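Student: I would like to know what stands behind the labels used for this model. Please set each label against its definition.
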There are 2 protein chains.
Amino acid sequence: MSNLSIPYDKLLSTFEEILRRFNFTTEKSRICAELFAGASLDGVASHGANRFPLFLEMIRDGYIVPDAEPVQTFKAGSFERWDGKLGPGNVNAWYSMKRAIELAHQHGIGCIALGNTNHWMRGGSYGWQAADAGMIGICFTNTKPNMPAWGSDEPKLGNNPLVIAVPRKDGPIVLDMAMSQFSYGKMETYQREKKQLPYDAGFDKEGNLTRDPSTIIENELALPAGLWKGAGLSLVLDLIASTLSDGKSTYELGKEVVEFGLSQFFIVLNPDKLGVTKAAEQHINRVIEDLKSSSSFNSASVNYPGENTLEKRNHHLKHGVPVTREVWEKILSYQKDP
Amino acid sequence: MSNLSIPYDKLLSTFEEILRRFNFTTEKSRICAELFAGASLDGVASHGANRFPLFLEMIRDGYIVPDAEPVQTFKAGSFERWDGKLGPGNVNAWYSMKRAIELAHQHGIGCIALGNTNHWMRGGSYGWQAADAGMIGICFTNTKPNMPAWGSDEPKLGNNPLVIAVPRKDGPIVLDMAMSQFSYGKMETYQREKKQLPYDAGFDKEGNLTRDPSTIIENELALPAGLWKGAGLSLVLDLIASTLSDGKSTYELGKEVVEFGLSQFFIVLNPDKLGVTKAAEQHINRVIEDLKSSSSFNSASVNYPGENTLEKRNHHLKHGVPVTREVWEKILSYQKDP
């Protein structure tokens with residue numbers, strides 16, 4: 001597959017135009033297009049351009065309702081519960097983080113529990129959104145079952161991505177981690193290239209750790225990151241998101257063939273409103289400088305989460321966003337009347 | 001080392017009496033004794049009886065101030081910042097969780113940032129504290145550096161334990177995880193028994209993963225749980241706790257020989273106040289039942305975090321708390337005048 005370099009503005013306007021054809025309002029088509037194009041811009045094509053055609057198909061199939069408006073169903077101070085009405089997952093998540101930021105401007109803390117929503121695509125987007133507003137942001141989503149509980153040979157847990165962002169003028173720290181050591185997308189890439197994964201990635205049928213992508217994909221037994229630790233973390237994040245949003249748990253999501261109707265949670269902490277002194281910026285910089293001064297095994301530089309993202313973003317803004325020819329042609333096919 | 005079985009009440013009253021000799025108030029000696037005895041009762045002797053002598057030595061050496069009172073330094077709605085004044089870490093953490101629960105009773109959400117405190121001993125205690133009050137509790141602490149950043153060959157990150165608890169009438173879900181795959185205490189046990197760890201646990205000098213406890217302990221290169229994921233999570237938890245508490249980061253803790261003056265963060269969510277319906281209990285039960293119905297590789301039962309704790313607690317209440325003869329004699333030696 002040859003790679004094209006699409007100028008960011010071209011990618012954005014193409015997505016926007018197609019979304020307008022799929023019944024998105026002007027505002028929503030803009031937000032949704034920015035989230036898809038932004039994911040590819042930041043080097044996360046799996047949840048950017050590559051995923052866009054599947055997203056459109058889920059709209060056609062009725063799992064994602066393009067013109068649904070999220071509805072507030074409960075409010076108490078800095079906490080609100082919203083029903084996502086099965087709208088586009090990335091737009092719903094963006095609105096939720098925006099609302100959590102507004103609450104944190106007012107109260108110092110903002111929490112949104114969002115139920116009945118859809119895949120938020122690249123979770124890191126909402127970490128960046130909080131950090132760009134000068135806030136600490138924590139958010140997580142559940143997913144359909146795709147990992148086993150510790151000791152089990154069947155998938156019962158979601159890989160439930162967790163995002164934590166800390167603002168910083170010279171580049172925020174944005175952690176975006178799924179609870180499986182490797183995503184199925186990554187494992188499929190290794191499978192296509194007939195390669196073993198670089199670290200243990202799942203289980204074989206006897207319960208042994210393995211790096212073989214085909215074995216893991218066939219068994220649907222992705223390894224929880226940190227073994228029993230990632231399995232436990234996945235469970236409690238699912239329980240918190242689904243309980244507080246009055247939404248579906250991973251268990252309930254697993255009853256459907258297609259993954260839709262997810263539960264998510266967003267917490268924002270506003271350092272300014274919480275009386276954190278101006279010295280906080282220097283405090284964070286000192287920690288990052290110390291980390292980056294680490295000596296390393298292979299003389300490679302030691303990076304903090306999110307650091308490479310900024311480099312990629314700037315590079316792609318200048319030289320164009322890489323999109324495979326196959327994906328780009330697929331996307332352009334949606335410009336024609338359905 | 002032979003094991004004794006000490007009745008829980010005896011363990012508690014022994015700790016309490018000794019703490020009174022170490023200048024604890026009646027109330028604080030009770031709280032502190034319950035936290036130490038409770039850790040052993042729940043099967044976490046490493047942060048219970050086994051740790052008690054070292055705790056007393058840190059008081060003698062002036063790192064822990066037994067009669068220090070934590071002081072509130074900032075308040076905004078459901079958020080408060082407290083200065084732990086280098087008081088006993090477990091008592092300070094217990095007061096902080098108690099205060100967070102009070103705030104959550106009032107506002108639905110309660111957050112405490114606690115700086116200038118000490119090792120909280122068993123983090124799970126504060127998860128149980130929240131769950132016993134019917135609340136969702138999230139808390140984390142930083143530690144001195146004891147893990148490398150991803151790719152690095154020197155410890156710059158703490159193993160920063162994270163605790164997340166979800167209340168449930170038939171037994172809460174309480175996750176208590178440090179960010180290293182194995183604790184140094186666990187690795188030392190394997191070293192003494194001349195055994196390899198069951199999973200990769202750290203790095204050798206060339207940066208290869210290893211299960212050999214001696215190699216890892218010598219290099220101080222414990223493996224972050226989930227490889228780069230646990231390393232990233234450790235960093236952001238440290239930044240949040242130290243920034244919001246106006247306290248020390250892992251980097252600053254590493255400048256001292258002895259670990260003291262830690263930063264911690266506590267978040268409590270009150271389902272009742274946040275309008276979560278009565279059905280939430282059944283919702284959580286269904287998820288747990290589904291998880292426990294998992295088939296497993298070796299026909300062993302699949303457990304949720306905290307499940308074994310309740311079993312151990314009930315067993316030890318009935319049959320006595322296991323304490324090694326060596327540790328018990330050491331503890332009793334503090335009953336004599338210093």
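Student: Why is G127(B) called buried or exposed?

Tutor: A residue is buried if 20 or more other C-beta atoms lie within 10 Å of its own, exposed if 12 or fewer, and partly exposed in between, with C-beta atoms placed from the backbone. G127(B) has 29 C-beta neighbours inside 10 Å, so it counts as buried. This is a predicted model: local features need pLDDT of at least 70, side-chain atom pairs count only at pLDDT 80 or more, and totals for chains, interfaces and linings use all residues. Residues are numbered from 1 along each chain as its sequence is written, and chains are lettered from A and ligands numbered from 1 in the order in which they are written.

Student: Where is G127(B), and which residues is it in contact with beyond its sequence neighbours?

Tutor: G127(B) sits in helix α5 (residues 124-132) of chain B. Helices (H or I, at least four residues) and strands (E, at least two) are DSSP runs, numbered from the N terminus. Two residues are in contact if their C-beta atoms, placed from the backbone, lie within 7 Å. Leaving aside neighbours within four places in sequence, G127(B) contacts G137(B), V163(B), I164(B), A165(B), V174(B) and D176(B). From G127(B) to P167(B), the separation is 40 residues in sequence and 9.2 Å in space, C-alpha to C-alpha.

Student: What makes β2 and β9 of chain B edge strands?

Tutor: Two strands pair if DSSP finds at least two bridges between them. In chain B, seven strands form an open sheet with mixed pairing, in the order β2-β3-β4-β12-β5-β8-β9. β2 and β9 of chain B each have a single partner strand, so one side of each lacks a neighbour in the sheet. From one strand to the next, the twist averages 10 degrees.

Student: How do you know that α5(B) packs on the sheet?

Tutor: α5(B) touches β5 (136-141), β8, β9 and β12 of chain B, and its direction makes about 20 degrees with that of β8(B). Axes are lines fitted to C-alpha atoms, for helices over the stretch in contact, and angles run from 0 to 180 degrees between N-to-C directions.

Student: How many bridges support the pairing of β4(B) with β12?

Tutor: β4(B) pairs with strand β12 (residues 262-269) of chain B over seven bridges, in the antiparallel sense. One bridge joins A113(B) to F265(B) in β12(B).

Student: N116(B) and K194(A) each have a phi of about or near 55 degrees. Which of them is buried, and which exposed?

Tutor: N116(B), in strand β4 of chain B, has 23 other C-beta atoms within 10 Å and is therefore buried. K194(A), in the loop between α6 (184-192) and β10 (202-203) of chain A, has 8 and is therefore exposed. N116(B) is not a glycine, yet its phi is positive; K194(A) likewise has a positive phi in a residue other than glycine.

Student: Why are the two copies said to be related as by a two-fold rotation axis?

Tutor: Copies are superposed by least squares on the C-alpha atoms of residues with pLDDT of at least 70 in both. A rotation of 180 degrees with 0.0 Å of shift along its axis superposes chain B on chain A (RMSD 0.0 Å). The copies are thus related as by a two-fold rotation axis. In chain B, the C-alpha of G226(B) is nearest the axis, 1.9 Å from it.
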